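Thanks for coming, everyone. Have a look at the structure first, and then I'll walk you through it.

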Amino acid sequence: MTDNKNDLIEYLLRLGDNALVNGQRLCEWCGRAPALEEEMALMNVGLDLVGQARNWYEYAAELLADGRDADQLAFRRDERAFRNCLLVEQPNGDYAVTTAKLFFFDAWHLHTLKALSASRDARIAAIAAKGLKEVTYHLRRSGEWVERLGDGTEESRRRMLAAIDELWRFTHDLLAGDEIQQRLAGAGIAADAESVAAAWQASVEQLFERASLPVPQPASYFYLDGKRGLHTEHLGILLAEMQFLQRAYPDATW
C-alpha cells in the first residue's frame, strides 16, 4: 500500500471510469448492431466492463470512507469528477469507429491489467487477474474485426482508415502517464505508463501489418486531459442519460 492514499483512490477511479464509460457506450448498440451475434457480443463485453468498474469502485469507496458506495461513485459524480480517458467517451459512430475504438482501448487495457496482476497491492492484483481473462477475449475479438475490415472490401477499408484518422489523436491521452501514476508505479502498485505504451504500440503495429493498414505517427498532446477531468463535450451528454434515473430518484430502492 502506498503512503499516499489519495493517489491510489485517484488511480482506482481512472480504472473504474474507463470501464464504466466504455461499457455505457457499448450499451448504446443494443437494438442497433449490424447483426444479432454482434449485438450479443457487444452487450457481453459491456457487461464485463461494468462488472470490472464495480470492482474498482468498491475498492475506491472503501478507501474514501465517506459514506459513498460503488453506485454513488458511478451515478452521483459530475463530469469534471470523472477520470476516464478521452477515447472511451467518443460517440460510437459507424461500426468501424466502434471497432477501432475498442481495439485501441482493449490493447491498452490488456497490457495494463497484465502489469496490475503483479501489483504489490493484493486487492488490485486480484481484480486485475480476474479482468485479464475477459479482456484477453475483448482484444482478440476487436482485433479480428479491425483486420477483417481493414483487409476486406474497398468500402470496409475506407471506413476503417477514416475511423483510425478520427480516433488516433485520443491515443495520446490513453497512453500518457502523470505524476500520480509514476509514484504508484514506483511503489509497485500501478502499471508503468511507458512500458504499457510500448507494448500497446507493438500490438497496434503487429495487427495493422496483418490488416494492411498504415500506422500513424504517435499522437501529440491534446489540449484536454481526461485524467484531470477535462473532457470532450460528449461525456456530459453520456452521463446525463446514464445518471438520469439515479439523480431523479436518488434514494429509491427496489
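How many nonpolar, polar and charged residues are in the lining of the second largest cavity? Keep that in mind. One caution before I answer: this is a predicted model.

Let's start with the cavities. The structure holds 2 cavities of 30 Å³ or more. The second largest cavity has about 30 Å³ of space. Its lining is made of Leu42, Tyr95, Thr98, Thr99, Leu102, Arg141, Ser142 and Trp145. Two elements, H4 and H5, give two or more residues each to that lining. H4 gives the most, with 4 residues. Now the answer to my question. By class, the lining has 4 nonpolar, 3 polar and 1 charged residues.

Next, the largest cavity. About 190 Å³ of space lies inside it. There are 18 lining residues here. Nearest the centre of the largest cavity lie Asn18, Trp108, Leu174, Gln181 and Lys227. Helix H1, residues 5–27, is one of the elements giving two or more residues to this lining. The others are H4, helix H7 at 171–175, and H9. H1 supplies the largest share, 4 residues. Sort the lining of the largest cavity by class, and you get 10 nonpolar, 4 polar and 4 charged residues.

Now a pocket. Which helices each supply at least two residues of the lining of the second largest pocket? They are H4 (95–116), H5 and H9 (193–210). The largest share, 5 residues, comes from H5. This second largest pocket holds about 170 Å³ of space. Phe103, Leu110, Leu139, Arg140, Gly143 and Glu144 are among the residues lining the pocket. So are Glu147, Ser203, Gln206, Leu207 and Arg210. By class, the pocket lining splits into 4 nonpolar, 3 polar and 4 charged residues.

Last stop: a helix pair. Find H5, residues 122–150, and H6, residues 154–167. Their axes come within 7 Å and cross at roughly 125°. That crossing makes H5 oblique to H6. Who meets whom? On the H5 side we have Val146, Arg148, Leu149 and Gly150. On the H6 side, they meet Ser156, Arg157 and Met160. By class, this contact has 3 nonpolar, 2 polar and 2 charged residues.

To wrap up, follow H5 through the model. H5 gives residues to the lining of the second largest cavity. H5 has the largest share in the second largest pocket. And H5 meets H6. That's my tour, thank you.

Terms used
Residues numbered from 1 in each chain as written. Predicted model: local features only at pLDDT ≥ 70, side-chain atom pairs only at ≥ 80, totals over all residues. Heavy atoms only, no water. Axes fitted to C-alpha atoms, helices over the stretch in contact; angles between N-to-C directions. Parallel < 35°, antiparallel > 145°, perpendicular 65-115°, else oblique. Contact = heavy atoms within 4.5 Å. Nonpolar A, V, L, I, M, F, W, Y, C, P; charged D, E, K, R; others polar. 1 Å grid on protein atoms, 1.4 Å probe; cavity = no way out; pocket = protein on both sides within 12 Å on 5 of 7 lines; lining within 4 Å. Points joined across faces, edges and corners; volume = space filled by probe spheres on them.
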